Amino acid sequence: MSSLFDDLKEGLEEAIAYEKGTGKVNTKTYMILPVTEYSNKEIRDIRMKAGMTQSVFAAYMGVSKKTVEAWEGGRTHPTGPACRLLHILASGEDVEYIVAK
């Protein structure tokens with residue numbers, strides 16, 4: 001219990017010092033880029049560049065093979081998290097792929 005008290009006391013002392021202008025605060029700033037939208041041709045090109053079949057790509061993306069077929073056929077479009085994963089693949093950085101069988 002003493003450790004918890006010491007941690008709380010230290011945190012409060014830091015907050016008081018910051019409020020008085022004598023303490024420093026650790027801050028971290030994140031730059032969040034807008035979500036990139038991809039055309040059906042771009043999605044297929046990204047998949048092919050990664051060397052994945054539609055089935056493996058679907059497992060990587062967490063969607064069904066039918067969904068990948070619809071993306072590549074232009075019938076539907078990925079959104080949100082799927083676009084972020086596509087951006088990672090499109091960036092060309094070496095990424096290790098771990099896909100369940």
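Hi everyone. Let me start with a glutamate: Glu13 comes out at 43% relative accessibility, so it counts as partly exposed. Before I go on, please keep in mind that this is a predicted model.

What does Glu13 meet in a salt bridge? Its partner is the side chain of Lys9, with a distance of 4.0 Å from N to O. Both Glu13 and Lys9 sit in helix H1, which covers residues 2-20, and they are four residues apart, about one turn of the helix. Lys9 has a relative accessible area of 43%, so it is partly exposed.

How many salt bridges turn up in a search of the whole structure? The answer is four, and I'll show you two others besides the one in H1.

The next one brings us to helix H2. Here Lys41 pairs with Asp45, and the closest N and O atoms are 2.8 Å apart. These two are four residues apart in H2, so about one helical turn separates them. Is Lys41 buried or exposed? With a relative accessible area of 56%, Lys41 is exposed, because the cut-off for exposed is over 50%. Asp45, at 36% relative accessibility, counts as partly exposed.

Then there is a salt bridge in helix H4, between Lys65 and Glu69, with 3.3 Å between the closest N and O atoms. Lys65 and Glu69 are again placed four residues apart in their helix, which puts about one helical turn between them. Lys65 has a relative accessible area of 37% and is partly exposed; Glu69, at 24% relative accessibility, also counts as partly exposed.

Let's stay with H2 for a while, residues 40-50. Which residues of H2 are buried? They are Ile43, Ile46 and Arg47. Looking down the axis of H2, you find these buried residues within an arc of 95°, so they line one face of the helix. Over on the other side of H2, Lys41 and Lys49 are exposed. And what covers the buried residues of H2? The cover includes helix H3 (54-61), helix H4 (65-73) and helix H5 (80-90). One backbone detail for those of you who like torsions: just after H2, Gly51 takes a positive phi of about 75°.

Now for the packing of H2 with H4. Their axes are 6 Å apart, and the helices pack at an angle of about 125°. That angle makes H2 oblique to H4. On the H2 side, the contact is made by Asn40, Ile43, Arg44 and Arg47, and on the H4 side by Trp71, Glu72 and Gly73. If you sort the residues of this contact by type, you get two nonpolar, two polar and three charged.

I'd like to finish on Arg47, a residue of helix H2. Why does Arg47 count as buried? Its relative accessibility is 7%, and buried means under 20%, so Arg47 falls in that class. What is Arg47 in contact with, once we leave aside its neighbours within four places in sequence? The answer is Met52, Thr53, Gln54, Phe57 and Glu72. We met Glu72 a moment ago as one of the H4 residues that make the contact with H2.

That's my tour; thanks for listening, and I'm happy to go back to any of these residues on the screen.

Key: Residues numbered from 1 in each chain as written. Predicted model: local features only at pLDDT ≥ 70, side-chain atom pairs only at ≥ 80, totals over all residues. Heavy atoms only, no water. Buried < 20%, exposed > 50% of the residue type's maximum accessible area, 1.4 Å probe, protein only. Arc of directions from axis to C-beta. Contact = heavy atoms within 4.5 Å. Axes fitted to C-alpha atoms, helices over the stretch in contact; angles between N-to-C directions. Parallel < 35°, antiparallel > 145°, perpendicular 65-115°, else oblique. Nonpolar A, V, L, I, M, F, W, Y, C, P; charged D, E, K, R; others polar.
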